[in-house]
Amino acid sequence: MKKIIAGSILLFSGIILYLGVYIEAARHSSTLGGWTTPPGRFATALNEVGGTTTFYSSIVMIICGIILLLWGCFEDDVVKLIKLIVKKKDT
């Protein structure tokens, strides 16, 4: 249950952080005078706003939250499956 709560908090926090940085970069990208092609308009705005680290950190938080949620939800099922496999192997 603790993994589910921690995963939910990480997922929710990551989504809020991602949206905050994304909206600010999108707002700033509409006022850009010029940008280079390889990073593109959004990445240039993200660099100018200073949200690159925050943007990638929010993605890591979202991924960790999803992993914790799945781990917490299916932990009992995986343990039962492993015990069943070991039991069949012993017989």
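**Exercise 1. The buried face of α2**

In helix α2, G40, T44, A45 and L46 are buried. The model is a predicted one. Task: state what the buried residues of α2 pack against, then place T44 and list what T44 touches beyond its sequence neighbours.

Solution.
- Step 1. Find the partners. The buried residues of α2 pack against α1 and α3.
- Step 2. Place T44. This residue sits in helix α2.
- Step 3. Check its burial. T44 counts as buried because its relative accessibility is 13%, and the cut-off for buried is under 20%.
- Step 4. List the contacts. Leaving out residues up to four places away in sequence, T44 touches L32, W35, T36 and P39.
- Step 5. Look at the end of the helix. Just after α2, G50 has a positive phi of about 90 degrees.

**Exercise 2. How α1 meets α2**

Task: describe the packing of helix α1 against helix α2, by angle and by axis distance. Then decide whether α1 is roughly parallel or roughly perpendicular to α2.

Solution.
- Step 1. Recall the two values needed. A pair of packed helices is described by the angle between the axes and the distance between them.
- Step 2. Read off the values. Helix α1 covers residues 2-29 and helix α2 covers residues 40-49; they pack at about 105 degrees, with axes 8 Å apart.
- Step 3. Classify. That angle makes α1 roughly perpendicular to α2, since angles of 65 to 115 degrees fall in that class.
- Step 4. Name the residues that meet. From α1 come V21, Y22, E24, A25, A26, H28 and S29; from α2 come R41, F42, A45, L46, E48 and V49.
- Step 5. Zoom in on S29. This residue is in helix α1. Its relative accessible area is 11%, so S29 is buried.
- Step 6. Give its contacts. S29 touches R41 and A45, with residues up to four places away in sequence not counted.

**Exercise 3. Salt bridges**

Task: say how many salt bridges there are. For E75, find the partner and the distance between the closest N and O atoms. Do likewise for E24.

Solution.
- Step 1. Recall the principle. Oppositely charged side chains can pair when their charged atoms come close.
- Step 2. Count. There are 2 salt bridges.
- Step 3. Take E75. Its partner is K3, and the closest N and O atoms are 3.3 Å apart. This pair links distant parts of the chain: E75 is in helix α3 and K3 in helix α1, 72 residues apart.
- Step 4. Check exposure at both ends. E75 has 29% relative accessibility, so E75 counts as partly exposed. K3 has 25%, so K3 counts as partly exposed.
- Step 5. Take E24. Its partner is R27, with the closest N and O atoms 3.9 Å apart. Both residues lie in helix α1, 3 residues apart, about one turn of the helix.
- Step 6. Recall the helix geometry. An α-helix has 3.6 residues a turn, so residues three or four places apart point the same way.
- Step 7. Check exposure here. E24 is partly exposed at 35% relative accessibility. R27 is exposed, with a relative accessible area of 55%.

**Exercise 4. A nonpolar patch**

Task: name the residues that make the nonpolar surface patch and give its area. Then judge whether V78 is buried or partly exposed.

Solution.
- Step 1. List the members. I66, L70, F74, V78, I82 and V86 make a nonpolar surface patch of about 530 Å².
- Step 2. Place V78. This residue lies in helix α3, which covers residues 52-90.
- Step 3. Judge V78. Its relative accessibility is 44%, so V78 counts as partly exposed.
- Step 4. Reach across to I16. I16 is in helix α1 and is partly exposed at 48% relative accessibility.
- Step 5. Compare sequence with space. I16 and I66 are 50 residues apart in sequence and, C-alpha to C-alpha, 15 Å apart in space.

**Exercise 5. Separation along the chain and in space**

Task: give the C-alpha separation of S57 and T36, then that of K2 and K87.

Solution.
- Step 1. Place S57. This residue lies in helix α3. At 32% relative accessibility, S57 is partly exposed.
- Step 2. Give the first separation. S57 and T36 are 21 residues apart along the chain, and their C-alpha atoms are 24 Å apart.
- Step 3. Place K2. This residue is in helix α1. K2 is exposed, at 74% relative accessibility.
- Step 4. Give the second separation. K2 and K87 are 85 residues apart in sequence and 29 Å apart in space, C-alpha to C-alpha.

Notes:
Residues numbered from 1 in each chain as written. Predicted model: local features only at pLDDT ≥ 70, side-chain atom pairs only at ≥ 80, totals over all residues. Heavy atoms only, no water. Patch = residues over 30% accessible without salt bridge, like charges linked within 9 Å, V, L, I, M, F, W, Y side chains within 5 Å. Areas by Shrake-Rupley, 256 points an atom, 1.4 Å probe, with all protein chains shown as cover. Salt bridge = Lys/Arg side-chain N within 4 Å of Asp/Glu carboxyl O. Helix = DSSP H or I, 4+ residues; strand = E, 2+ residues; numbered from the N terminus. Buried < 20%, exposed > 50% of the residue type's maximum accessible area, 1.4 Å probe, protein only. Axes fitted to C-alpha atoms, helices over the stretch in contact; angles between N-to-C directions. Parallel < 35°, antiparallel > 145°, perpendicular 65-115°, else oblique. Contact = heavy atoms within 4.5 Å.
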